[in-house]
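Got your viewer open and your mouse ready? Let's take a walk through this model together, one selection at a time.

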Amino acid sequence: MEQNDKKTPAPRRDPSQLNAIEKFYEKFRGIPLKYIDIFIIVCLVALAAVVLIGSLKGFGVL
Amino acid sequence: MSEYRLEMRGVVKTFPGVKALDHAQLQLRPGTVHALMGENGAGKSTLMKCMFGIYHMDEGEVIYEGEPVEIKGPLDALNRGIAMVHQELQPIPERSIGENIYVGRYPTKKVGPITVIDHEKMYESAAKVLEEVHLNYDPKAKLGSLSVSQMQLVEIAKAVSADCKVLILDEPTSSLTAAEVEALFTIVDELRAKGVSIVYISHKMDEILRISDEVTIMRDGQYIGTWASKELTTDFIITKMVGRELSNLYPPRENVPGEVVFEVEDFTSINPKSFRHASFSVRKGEILGVAGLVGAQRTELMEGLFGLRCHAAGKITYKGQELKINQPRDAINNGIAMLTEDRRATGILGVLSIADNVSISSLNKYLIGGIMLDDKKIEQLVQDNVAKLSIKTPSSKTLIQSLSGGNQQKVLISRWLANDPDVFILDEPTRGIDVGAKYEIYCIIAELAKQGKSIIMISSEMSELIGMSDRIMVMCDGRVTGFIDGKDANQENIMALATQFE
Amino acid sequence: MEKKFDIKKFLSNNAIIILIAILALAVGFSTQNFFSANNLKNLIANVSPRFIIACGVSGCLITKGTDLSAGRQVGLAACLSAMLLQSVDYAARMIPGLPDIPWFLALLIVMAVMACFGAINGCVIAYLKVPPFIATLGMQTIVYGLCSVITGNQPMGGFKPSYSNVALGAIGPIPYLAIFALIVGLFMWFLYNKTRHGKYMYAIGGNENAAQVAGVNVTATLIRIYVLAAVLYGLAGFLVGAKAGGASTATGFGYELEAIAACTIGGVSTNGGVGKVPGILVGVLVFEILKICLQFLRVDPAYTFIAQGLVIIVAVALDLRKYLAKK
């Protein structure tokens, strides 16, 4: 949503305004979102694998 | 083939509640520096973003080198030879200068089946680019090691490196020193000689008149006209930008200053380099303008009075009673209100609604049984203020950050009015606000003074100070250097006091 | 163009919830007893104390802080409750001479004691301006140490029946535990939405500097938040002890991680300033349903641990993504 006055994407806030978690998030600033998406998908696949293997183990199959 | 390299015609762009561009147009010749001027909110940045593909136009066309085109985004524009240096930098300080210059279009090479970034080539090209713009930074150095103004020069180098035919500079000198501005002008001259079309967006009259060949002026999203720079004067430009004769910029004021009510004596900061021995008084129903150069410590002094900064010495008296102010709540409880300079940083609660923003300082007045918030009464308060101050907003639940600057400022004023303060400190109240809203705010200020409130207004706009103040206090380097009566005030005597360094 | 964007956004905002819902449906249709009253009761019993803890942490998160001492505080509270409420005739009684105390009195004492720890957290964060991450991390170790000292590292059991009954009893079909959670939920909802404290809290979370300028008493509000959190941990610890029938220094270990993750999933953004009570409940449900699903799938406990860890990582990654995309 645009305003009448000059407001482009919010300017980088200076470090004193951020808390610990946000400072941590800022370290990822340079990484394109694509790679983060890939990371998320990899984790989800790992999650599915863990559940599957754990379950099979529990049933005594593995 | 037309004489214009780039044309934009009949551009219309609307956002919810706001018509940002109303049949705007632009015509760029090759080898020309074309200035684009207008008040904040005139639509300059929006027009450029439409050209660049960042925004999608509702209507209108872009004709580039004789052909109608549709530019899909910044990289597409860059590939066609249209580069833009943004007003607000988006640097990646952790990365090297070279990486920042080529971000998104890194030169690549193949290592077997994999494509990787060709760092060698990148740094080689980066070094060449930096040389072209007369910057001798090491392209491998981290961008964050540079100062803000140096980063801005790198941004400019980045745009130049793209070997563009059209270069858009949006407020390029906002963070540059005088020497760096000269360096920039040299680059601009060289580019012009090479035949590049340059769009130069700026507020600074003297720069515009010096460097540009043509000037296009916009106002409230509309195209007003294009003139050759050598035919223009500052006054003419201002009149066209503002749409009003200079004499009608400020509302008539009916306030009659009464007796002295607010006195400050020998106010000194704990920081020896900041404000010291400041003494002044304000009368009832008076507007006291506060003038000074950047660094005069005007904001710091007012923040000190409001309890945002610590003071080492000094006395504040209201109607004869001494006030002890150590934090904003003390000031508020004593009837003082302050509209801060940077409303995004210290003014608005961006992620909260308008209703929350208006009521936050006066919640104690809207309680049921002393504990529960009376939403109905709060809603009533909001509606009253929306009507009284003409705040444009879809609803009271809208987040304040989606409002325009002028409306945000009105919400903040409503917040303070809810406490019925006697002393109102305003720090750059019309900064970053479009023309129409500015006038509305002046009217509000005039009305408050008429009601008997004492107004202290810091402003860096000379005409605003002269047009609105009953009296002007001038500061220089932390000291109060003098007072000028409103009717005697002019640019010269204000500047004389503002530059009275010890 | 508009519609496509909507679905994508909805998915990324609620990805984990959707995933767990799918998992639950899959498990439910392929195993016995998943969709049963017993299982539901089990779920409610597990959710209740966790929800109370998450409510406590939420205030810290909303004001851009955190509370890493939550888990250990719950543990300490459980141990204190245990010490006060062991059967008079229990052989290995911790405090031999202690008279028989009604459970609600013990609960009040425990909550009062925990409130002190909360006050310390709040003061260190608000007055000394120590970052919450560090302050609460320190408190975490201190609380654990205290708990060790007080209990001599001895696990406790043998609770008096009226205490155990708090966890086992019910009014009709509704377990007492659920009633506690419900009362807390309603109280928190009221506090966050209908009181000044709630508004101040969101204001601080949105922009602490602006809140200060607007006259909000930031220090007082922050201290209240951490004290309230501690009181809630006290209640939760009390309930956890009753439910488990025992308490030790190991009780509550790691609970804060799940509470914070639950809040994150439920929409209490680590960016501060946003977060609603129903969202917190959803977040907690996600975790508890995940645990139950894994149980039904007979997943080895070690693997369960990994799975939960992965969910937390994904929750944080999604939040990170939202933060970066916004700017």
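Start with chain B and pick out domain 1 and domain 2: their centres, taken over C-alpha atoms, are 38 Å apart. Keep in mind as you look around that this is a predicted model. To colour the domains of chain B, use 6-245 for domain 1, 249-335 + 422-435 + 452-502 for domain 2, and 347-420 for domain 3. Notice that domain 2 is written as three stretches of chain B.

Stay on chain B and zoom in on strand β13, residues 260-269, where you'll find B:D266. Check its backbone: phi of B:D266 is near 50°, which is a positive value in a residue other than glycine. Is B:D266 buried or exposed? It is exposed, because 12 other C-beta atoms lie within 10 Å, and 12 or fewer is the cut-off for that label.

Now slide along to B:H277, in the loop between β13 and β14 (278-283) of chain B. This residue isn't glycine either, and its phi is also positive, near 50°. With 13 other C-beta atoms within 10 Å, B:H277 counts as partly exposed.

Next stop, the greasy inside. Select B:I425, C:I53 and C:L232: in the largest nonpolar core, which has 178 residues, these three touch the most other members. Which helix gives the most to this core? Highlight α11 of chain C, residues 218-244, and you have it: α11 supplies 18 residues. Domain 2 and domain 3 of chain B both give residues to this core, so the core lies between them.

Click on C:L232 and look for its partners further off in the sequence. Leaving out residues up to four places away, C:L232 touches C:I52, C:I53, C:C55, C:G56 and C:V184. Apart from the big core lies another one, of 64 residues; to find it, select B:I82, B:V133, B:L167 and B:I201, which are among its members.

While chain C is in view, try a little ruler exercise on helix α13, residues 277-296. How far apart should the ends of its 20 residues be, at 1.5 Å a residue? The expected span is 28 Å, and the end C-alpha atoms sit 29 Å apart, which agrees. Just after α13(C), stop at C:R298, which takes a positive phi of about 55°.

Now look at where chain C meets chain B. Here 19 residues of chain C are in contact with 22 residues of chain B. On the chain C side, select α9 (196-206) and α10 (208-213), since each supplies at least two residues. That side of chain C is a mix of eight nonpolar, eight polar and three charged residues.

Finally, select chain A. It has 62 residues, 18% of which count as buried, and it has two helices and zero strands. Colour chain A by pLDDT: the average is 68, and 60% of the residues score at least 70. Where should you be careful? Over residues 1-17 of chain A, pLDDT stays under 50, and the model has 36 contacts beyond four places in sequence for that stretch.

Last selection: the place where chain A touches chain C. There, 24 residues of chain A are in contact with 25 residues of chain C. The elements of chain A that give two or more residues to this side are α1 (20-26) and α2 (33-58). Of these, α2(A) gives the most, with 15 residues. Colour this side of chain A by type and you get 18 nonpolar, four polar and two charged residues.

Terms used. Residues are numbered from 1 along each chain as its sequence is written. Chains are lettered from A and ligands numbered from 1 in the order in which they are written. This is a predicted model: local features need pLDDT of at least 70, side-chain atom pairs count only at pLDDT 80 or more; totals for chains, interfaces and linings use all residues. Two residues are in contact if their C-beta atoms, placed from the backbone, lie within 7 Å. Helices (H or I, at least four residues) and strands (E, at least two) are DSSP runs, numbered from the N terminus. Ala, Val, Leu, Ile, Met, Phe, Trp, Tyr, Cys and Pro count as nonpolar, Asp, Glu, Lys and Arg as charged, and the others, Gly among them, as polar. Domain bounds come from an automatic or database domain assignment. The expected span of a helix is 1.5 Å times one less than its number of residues. A residue is buried if 20 or more other C-beta atoms lie within 10 Å of its own, exposed if 12 or fewer, and partly exposed in between; C-beta atoms are placed from the backbone. pLDDT is the predictor's confidence in each residue, from 0 to 100. A nonpolar core is a set of buried Ala, Val, Leu, Ile, Met, Phe, Trp, Tyr and Cys residues joined through C-beta atoms within 7 Å.
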